[in-house]
Amino acid sequence: MSPQHSIDFCPLCGGGLCGVRICNPQLATVSELDSDTAASPHGLVVCDECDAIWLEPDLNTAHQYPDVANAKCPVCNGGLWGSNSRWANRDDLALLQWDMAINPELDITEG
Amino acid sequence: MNKSKQKLIGFGILVLILAGYTLLPPELQLLIQPGPEVASSSQNNPEGQRLNGREGNSQQLEADSHQSRSAKPTQSESTVRNPTNVNTDGLAESRKSEPSGPATLASSDDSTQQTGTRRATQTTASENHSTSGKSRGPPATNSEGKQRPDDNQLNRNQTETLLHGLLHEISNDQYLSPAGLIYGPGSAEGHRLDHLQRHVKDQPKRPGKHGVFDGGMQGALKTIDDAYQRAQKQQRTTKTVDRNRTIYTVDLGKRIGFVGGQDGGRRRNPMARRVRLVLEGKRVITAYPM
């Protein structure tokens, strides 16, 4: 349950990895969807310890906290840890165009 | 010699009388109320009653007993009451208090379900005593009659709901620690306890540091409670507040785990003495050694 690719260590809790998550990755092949809609694939940076969320792959931007018991994606309002969301893989990073934002030293190759 | 012998005999008689009186059931003690007076008067004139004629001494005895009856009823009653408070009255009182014992426990259970002070009940449950008195001094005698079934039921309930020997389930899938921390659903693992379980085992391949608690889940939960209590007292604690989140870093001053992960492994897993605790109110978000 650790992120495959991360931006950095969490500046808030200090111990988590701020990994990249992607919501609705299955919709990446649907060409009719506008890339700005909430239903289209979109990325989040989430700390795997304290659940802090950034909407940009930059930890200097504003962060937010989800609901303690029922964390939801602030973009699509889907379950943050639900079936429509996962830790982003390389392809997902390319889709999001966030592949240059990660720190490769923090990659975890094994799930 | 005779006088010494007489004194010894008299003293022995007095001791026997007093011992017999104290060993008597309270009902008999009530009946023998003049007894102590007789004993006391006999103490005053132990041999005179026997050896020096009876009329004068009987008059003296009557006078003494009269005085004792009039002057010492409260004393006798008090002396009777004190032992009866321990014995029969004590039993009655204990029976009266028995419901309050478990009721207190129950109410404390209920209240602690709400407020979070769980130590006594947790201690009782963790000790798996059949009676509540064993974990508490005064109610030790309250282990009879009504106490035991209620107490057993209470302990049964406590043991049934205790998770990891510490956490009491307060609602569906929410658990309360002795220090008042709440573990509920959440995190990528689905439940904060499952998330916490990550920190009872090393992840050597995880980048950076990965704190691991000593003592498994129970050790982790106890350590977290300890850290939280110290944080509440601001003992060797740093505190950061970010919106509705509070982050404590507590130095416990002793080993509570070790640092794992890739960084920890490179440094031969140094011991960890601090706990980082991330809370939202009393809800645990995460906690780990560092």
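**Notebook: strands, core and contacts in a two-chain model**

I began with strand E8 of chain B, which pairs with strand E9 (residues 271–272) of chain B in the antiparallel sense over two bridges. I looked up a residue pair here and found B:Gly257 opposite B:Ala272 of E9(B). A reminder to myself: this is a predicted model.

Next I asked which other strand E8(B) joins, and in which sense, parallel or antiparallel. Strand E5 (residues 210–213) of chain B runs antiparallel to E8 (residues 257–260), and four bridges join them. For B:His210, I noted B:Gly260 as the bridge partner in E8(B).

Then I turned to the core. The largest nonpolar core has 61 residues, and I wanted to know which of them touch the most other members. These are B:Ile224 and B:Leu277. Helix H11 (residues 216–232) of chain B gives this core its largest share, six residues. I followed B:Ile224 outward, setting aside neighbours within four places in sequence, and found it in contact with B:Leu181, B:Val275, B:Leu277 and B:Ala287. It is worth jotting down that nonpolar side chains tend to be buried together in soluble globular proteins.

Helix H1 of chain B made a nice contrast to look at. H1(B) covers residues 2–23, and I checked its span: 31 Å from the first C-alpha to the last, close to the 32 Å expected for its 22 residues. How many of those 22 residues are buried? The count is zero, and H1(B) is hardly covered.

I also looked up where the two chains meet. On the chain A side, 21 residues are in contact with 25 residues of chain B. I sorted that side of chain A by class and got 13 nonpolar, three polar and five charged residues.

Last, I hunted for positive phi values outside glycine. In chain A, I stopped at A:Gln97, with phi at about 65°. A:Gln97 is in the segment after helix H1 (90–96) of chain A. Is A:Gln97 buried or exposed? I counted 10 other C-beta atoms within 10 Å, so A:Gln97 is exposed, the cut-off being 12 or fewer.

In chain B, I stopped at B:Arg243, where phi is positive and near 55°. B:Arg243 is in the loop between strand E6 (237–242) and strand E7 (245–251) of chain B. I found 9 C-beta neighbours inside 10 Å, so B:Arg243 counts as exposed.

Technical notes. Residues numbered from 1 in each chain as written. Chains lettered and ligands numbered in written order. Predicted model: local features only at pLDDT ≥ 70, side-chain atom pairs only at ≥ 80, totals over all residues. Expected span 1.5 Å × (residues − 1). Buried ≥ 20, exposed ≤ 12 C-beta atoms within 10 Å, placed from the backbone. Pairing = 2+ DSSP bridges. Contact = placed C-beta atoms within 7 Å. Nonpolar A, V, L, I, M, F, W, Y, C, P; charged D, E, K, R; others polar. Core = buried A, V, L, I, M, F, W, Y, C linked by C-beta atoms within 7 Å.
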